[in-house]
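Please open the structure in a viewer and keep the selection tool at hand. The tour proceeds stop by stop, each with a selection and a description of what is found there.

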Amino acid sequence: MTPKSTIPALTSIRGIAAWWVVFYHFREYVPFFGLPFLREIAAAGYLAVDLFFVLSGFVIFLNYGKWFSTTEHGNFVKFISARIARVYPLHVVVLLAFLINPIALLFSSHPEQLGKLYDPFYFFLSLLMIQNWGFADHLGWNIPAWSISTEWFAYLSFPIMAYLLGRYASRTIHTLFILVTTLLILAALFYWQGATDIGSDIPYLGLPRCFGEFVAGICICQLSYRYAEDKRGVMLSLATILLCLMLCTRLPSYTWAPVLFCALIFGLSATTGILEKMLTARWLLFLGGISYSTYMIHYLLKHWVKFLLVKTDGPQGTATLVYLSAVLLGSVLLHRFVELPGRKLISSRYRTKAIAVASTQPSS
């Protein structure tokens with residue numbers, strides 16, 4: 001089977017996941033209109049990061065996996081340049097915007113509130129996107145960006161992973177073995193560390209969490225090459241999703257969440273009919289397109305909405321409306337004026353450099 005080069009349903013899922021995180025970080029102030037199940041869904045928003053990790057492995061392998069069927073050095077440079085262009089400009093702009101917070105605290109005579117949250121060393125690590133590689137025992141500054149740090153590690157490792165999986169996991173049984181082994185090792189690691197759920201101890205467990213789920217996403221993409229259009233595969237995916245949902249109230253999330261998202265993404269890669277039409281609605285694709293900006297800016301806006309508008313505990317209708325509106329507007333503006341221009345700037349500079357290098361080489 002020839003895989004699709006793009007899967008619009010996965011773009012929509014990325015947008016839904018980003019807004020799941022948005023609600024998660026403001027959940028104590030969101031009015032849920034007496035519907036406790038909505039509060040429970042919002043409280044599980046930390047799992048959206050695991051969906052991102054599996055999805056990232058899937059999409060990266062879908063687009064770049066064939067680049068690393070050989071050990072050609074040029075493809076590695078092109079790949080890393082493409083990933084830097086994709087994630088770094090927005091990351092660094094939002095990180096710099098976070099400097100407003102400690103400055104505001106200093107001018108408001110609350111320097112004691114700086115603490116580890118605005119640790120200068122952590123800021124330096126964040127500039128290099130290595131803040132969650134085990135160099136710090138806490139999270140700081142733009143808290144959600146810890147996952148960008150771990151994804152950067154996965155990107156640097158991806159060429160080797162893609163080459164080895166393409167070379168030594170060409171059969172379905174090999175891919176399944178790697179997938180199952182990866183998920184078992186990940187669950188065992190969290191169990192041995194005494195974790196209560198998959199969101200535990202991010203400074204130390206965040207990196208293996210990302211790496212394991214990223215590898216799982218690659219394996220799911222390999223399987224989708226062969227079985228995404230096989231109805232038996234889709235039915236197995238649905239059965240796995242239902243089983244995970246049954247287990248989610250009985251077992252720690254590190255046992256079932258990665259499995260759930262692997263099954264979900266495999267099923268969505270073959271989505272057709274009414275579900276495909278629902279997930280390819282223009283507004284969902286729009287949210288998916290700006291989802292990285294949404295994910296990166298919402299925590300800063302949360303700080304300021306809480307500071308300016310939240311005066312008591314409990315649901316805050318006005319504050320919630322302002323927060324959600326600000327996140328949407330901020331996402332659009334950052335995507336339009338930072339994310340896209342930054343990506344083009346870095347990509348164009350790389351192409352210019354590549355052409356200049358090529359022009360110095362002797363012709364054959």
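The stops below pass through helices, aromatic rings, loops and cysteines.

**Before starting**

This is a predicted model, in which local features need pLDDT of at least 70 and side-chain atom pairs count only at pLDDT 80 or more, while totals for chains, interfaces and linings use all residues. Residues are numbered from 1 along each chain as its sequence is written, and side-chain values use heavy atoms, with hydrogens and water left out.

**Stop 1: helix H8**

Select residues 172–192, which form helix H8. Helices (H or I, at least four residues) and strands (E, at least two) are DSSP runs, numbered from the N terminus. The expected span of a helix is 1.5 Å times one less than its number of residues. For the 21 residues of H8 this gives 30 Å, and the end C-alpha atoms are 30 Å apart, which agrees.

Next, colour the buried residues of H8: Thr 172, Thr 175, Leu 179, Thr 182, Leu 183, Leu 186, Ala 187 and Phe 190. Buried means under 20% relative accessible area, exposed over 50%, and partly exposed in between (1.4 Å probe, protein chains only). Viewed down the axis of H8, its buried residues fall within an arc of 120 degrees, so they line one face of the helix; the arc is that of the directions from the helix axis to the C-beta atoms. On the other side of H8, the exposed residues are Ile 173, Phe 177, Leu 184, Ile 185, Tyr 191 and Trp 192.

Now add helix H9 (202–227) and helix H11 (253–268), which are included in what covers the buried residues of H8. After H8 comes Gly 194, with a positive phi near 75 degrees.

**Stop 2: Val 54 in helix H3**

Select Val 54, in helix H3 (residues 48–64). With a relative accessible area of 1%, Val 54 is buried. Which residues touch Val 54, leaving aside its neighbours within four places in sequence? They are Glu 213, Gly 217, Phe 261, Cys 262 and Ile 265, where contact means heavy atoms within 4.5 Å. Show Cys 219 as well: its C-alpha atom is 9.6 Å from that of Val 54, although the two residues are 165 residues apart along the chain.

**Stop 3: the cysteines**

A disulfide is a covalent bond between the sulfur atoms of two cysteines. Here it is taken as a pair of cysteine sulfur atoms within 2.5 Å. How many disulfides does a search of the whole structure find? The result is zero. Cys 244 is in none, and the nearest cysteine sulfur, that of Cys 248, is 8.8 Å away. Cys 244 counts as buried because its relative accessibility is 4%.

Return to Cys 262, one of the contacts of Val 54. The closest cysteine sulfur to that of Cys 262 is in Cys 219, at 8.2 Å, too far for a bond. Cys 262 is also at 4% relative accessibility and therefore counts as buried.

**Stop 4: aromatic pairs**

A pair of aromatic rings is described by the distance of the centres and the angle of the planes. Rings of Phe, Tyr and Trp (its six-membered ring) pair if their centres lie within 6.5 Å; planes under 30 degrees apart count as stacked, over 60 as edge-to-face and the rest as tilted. By this rule there are 19 aromatic pairs.

Select Phe 26 and Tyr 323, a stacked pair at 4.2 Å centre to centre with 15 degrees between the planes. The pair links distant parts of the chain, 297 residues apart: Phe 26 is in the loop between helix H1 (8–24) and helix H2 (36–43), and Tyr 323 is in helix H15 (residues 317–359). Both Phe 26 and Tyr 323 are buried.

Then select Tyr 118 and Trp 141, an edge-to-face pair at 5.0 Å centre to centre with 80 degrees between the planes. Tyr 118 is buried at 9% relative accessible area, and Trp 141 is buried at 4%.

**Stop 5: the loop between H6 and H7**

Stay with Trp 141, which lies in the loop between H6 and H7. Trp 141 is not a glycine, yet its phi is positive, about 55 degrees. Met 129 is found in the loop between H6 and H7 too, and this non-glycine residue has a positive phi of about 60 degrees. Met 129 is buried, with a relative accessible area of 3%.

**Stop 6: a cluster and a charge**

Finally, select Phe 61, Tyr 64, Trp 67, Phe 68, Phe 79, Tyr 155, Phe 158 and Phe 214, which form one aromatic cluster. Add Lys 78, whose charged end sits over the ring of Trp 67, 5.0 Å from its centre. A charge sits over a ring if NZ of Lys or CZ of Arg is within 6 Å of the ring centre and within 35 degrees of the ring normal.
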